[in-house]
Each structure stands twice: as C-alpha cells, then as structure tokens.
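Could you walk me through this protein, one part at a time? I am new to reading structures, so please keep to plain words and tell me where to look.

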Amino acid sequence: MLAAANKVIRLKKRNIKDIEYYLLPGASRKTTDIVVERDGTIHVRPPLHMSAEQVDDTVYSKRMWIYRTLAEWNSLNSTHVCREWVNGESFLYLGRHYQLTLVDDPVKPLSLKNGRFLLNKALVRSPSATAAKQAFEQLYSQKGLERLQARTQYFAPKVGVDFGSITVKDIGYKWAACKRNGDLSFHWKCMMAPPKVIDYIVVHELCHNHHRNHTTAFWDEVDKVLPDYHERKDWLRDNGASLTL
Ligand SMILES: [Zn+2]
C-alpha cells in the first residue's frame, strides 16, 4: 500500500516471470515509468489504456535494467555500515558484537574489557573520528598479530609449507597476501570475522605456497585441511563488505 495525499491507494501486485512489481494507475504519458523504490520494491506506472498484459511485456523487456538495479540495491543495503561514535554502538570482534563505551582515559586510547570496547572519548572529537578509527585499527592489528601468528603456526605443518614473517595492517581490498619467500600479510579487518573464517583466510594464504593461483589443484589443497571451506568462503563473500569501521 502507498499513502498519497491522505488517500490510501491499493496497489495491484503482479508477476512477470521472476519479477514482482506493483502496478500503479495509468497516467497520461507516452512511456511506462519503472522505478525501483528505496525499499527495493518495483513500482510501474503505465500510460493510460495499456492492458495489464502489455505492461507485463514492457516490464519483462526492461528486465536486464531491473536486475542490475536490484543487484546494486542489494549490495548497497546488505553491506551498508554507518558507525556512530556513541555509547552503545556495536563493533565486531571475532565475529561477535561488542558495545562501545566512551571513557575518560588519557593513557589507553582503546581497550577491550569485560565484553566492551572502552574508547577514550577525546578521540571521537577528531575530524571524522579519524583518531577513533586509528585506535580501532591499532587494536585489531595488535590482537590480529597474536592470533594470526598462532593460527599460521598451527596450520603451516598441516598444509605442509613453511612461512616467513607475518604482518597485520591495511592492505587495501585484499584480506591477505603472500610473497614468494613465504612472508604473509593480513588485513586488520580479518579480526572482525569469526575465528572459523580467519582460519580459512590463513589456510587459503598458506596453500598459495603450493600453488600461486586459484586452480582446482589449489582448492584441493585447501580442502585437505578444511573440508568445509566452502561455507567459510561463502560467509566471507556475503559478509566481507560489512567488516569495516
Ligand atoms: Zn588466493
């Protein structure tokens, strides 16, 4: 239903193949107006005197545009993160949400204590909360180094490879990278993912010491160590974009 000028107009819902849309009353216009609304629904206003079947045909002929627009809408809305630097806002750590508490602590910028992130409130006042973000990046990097070193040590013998140094920092759009000499780097954002997913990232990277590509042979190596890697990989694909500050 759509409220317009204090009058509720009941919309007709129609389907053409896999596209569901709301048919609005006709308007004196030459072309059919197709709109993907902010809530992801499709509203169609046809010219006057167009039959419902003709509208179906028109909508169907515009399906590529509709699919593309819906895909964009989905990706924007499923991954949109809008952080507020206030008490009670939640932040991810190892796949779980922890609430933010702003505190007066001139010594420690940020700590994770008793299930809460305690952030020095002075950092929130910096432009765009840059200092607050930096404090989080530092904490994720520092905790990440401990965990990723331990997990790499644990998995390297299982994968059957050696590794060099381990670094945790901002490495752009990648979760992890490995050099030919075995040095590994991980994005600090990995620490927002659940432990199972972090393990997948570690094993994936270690397996690149066997194969420097993503061929079947590479995935076979991953599968030997993590037979359920598909689930973990899918989780990262679906949720990766929301792991951000
Ligand atoms: Zn890879």
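Let us begin at Tyr 98, which has its place in strand E8, a strand made of residues 96–103. Please keep in mind that this is a predicted model. Is Tyr 98 buried or exposed? A residue counts as buried when its relative accessible area is under 20%. Tyr 98 has 17% relative accessibility, so it counts as buried.

From Tyr 98, look across to Asn 114. These two residues are 16 residues apart in sequence, and from C-alpha to C-alpha they are 9.6 Å apart in space. Asn 114 is found in a loop, with strand E9 (110–113) on one side and strand E10 (116–120) on the other. Exposed means a relative accessible area over 50%. Asn 114 has 79% relative accessibility and therefore counts as exposed. So this pair joins two settings in your picture, because Tyr 98 counts as buried at 17% and Asn 114 counts as exposed at 79%.

Asn 114 has another feature for you to find, in its backbone. Its phi is near 50°, a positive value in a residue other than glycine. Leu 94 also calls for a look at the backbone: it is not a glycine, although its phi is positive, at about 50°. Leu 94 is found in the loop between E7 and E8. With a relative accessible area of 16%, Leu 94 is buried.

Now step back along the chain to strand E7, which covers residues 90–93 and holds Phe 91. How accessible is Phe 91? Its relative accessibility is 0%, so Phe 91 counts as buried. Along the chain, Phe 91 and Phe 117 are 26 residues apart, and their C-alpha atoms are separated by 8.0 Å.

Phe 117 leads us to the largest nonpolar core. This core has 51 residues, and Phe 117 is one of those with the most contacts inside it, together with Trp 85, Leu 119, Phe 136, Tyr 140 and Phe 186. Which element gives the largest share of this core? That is helix H3, residues 130–159, from which 9 residues of the core come. Apart from this core lies another one, of 11 residues, including Ile 19, Val 36, Val 44 and Val 59.

Next, see how the protein is divided. The domain assignment gives domain 1 as residues 2–79 and domain 2 as residues 90–242. The C-alpha centres of domain 1 and domain 2 lie 42 Å apart.

For a stop at lower residue numbers, find Asp 18 in the loop between strand E3 (12–16) and strand E4 (19–23). Asp 18 has a relative accessible area of 56%, so it is exposed. Along the chain, Asp 18 and Arg 63 are 45 residues apart, while their C-alpha atoms are separated by 9.6 Å.

Let us move on to Ala 193, in the loop between strand E13 (184–187) and H4. Ala 193 is buried, with a relative accessible area of 0%. In sequence, Ala 193 and Asn 239 are 46 residues apart, yet in space they are 8.7 Å apart, C-alpha to C-alpha.

Our next stop is the zinc ion. Which protein residues are its donors? They are His 204, His 208 and His 214, with the NE2 atom of each lying 2.0 Å from the ion. You can read the spacing of these donor residues in the sequence as H-x3-H-x5-H. One of the donors, His 208, has 8% relative accessibility and so counts as buried.

Finally, turn to the largest pocket, which has a volume of about 290 Å³. There are 14 residues lining this pocket, and those nearest its centre are Trp 175, Ala 176, His 204, Glu 205 and His 214. Strand E12 (176–178), helix H4 (195–207) and helix H6 (229–239) are the elements that give two or more residues to the lining. H4 gives the most, with 4 residues. What kinds of residue make up the lining of the largest pocket? The lining divides into 7 nonpolar, 3 polar and 4 charged residues. Two names here may be familiar from the previous stop: His 204 and His 214 are among the residues nearest the centre of the pocket, and they are also among the donors of the zinc ion.

Technical notes
Residues are numbered from 1 along each chain as its sequence is written. This is a predicted model: local features need pLDDT of at least 70, side-chain atom pairs count only at pLDDT 80 or more; totals for chains, interfaces and linings use all residues. Side-chain values use heavy atoms; hydrogens and water are left out. On a 1 Å grid over the protein atoms alone, a cavity is a set of points where a 1.4 Å probe fits but cannot get out, and a pocket is an open set with protein on both sides within 12 Å along at least five of seven lines; lining residues have an atom within 4 Å of a point. Grid points are joined across faces, edges and corners, and a volume is the space filled by probe spheres set on the points. Ala, Val, Leu, Ile, Met, Phe, Trp, Tyr, Cys and Pro count as nonpolar, Asp, Glu, Lys and Arg as charged, and the others, Gly among them, as polar. Domain bounds come from an automatic or database domain assignment. A nonpolar core is a set of buried Ala, Val, Leu, Ile, Met, Phe, Trp, Tyr and Cys residues joined through side-chain atoms within 4.5 Å. Buried means under 20% relative accessible area, exposed over 50%, partly exposed in between (1.4 Å probe, protein chains only). Donors are N, O and S atoms within 2.8 Å of the metal (3.2 Å for Na, K and Ca); water is not among the atoms, so sites may look incomplete.
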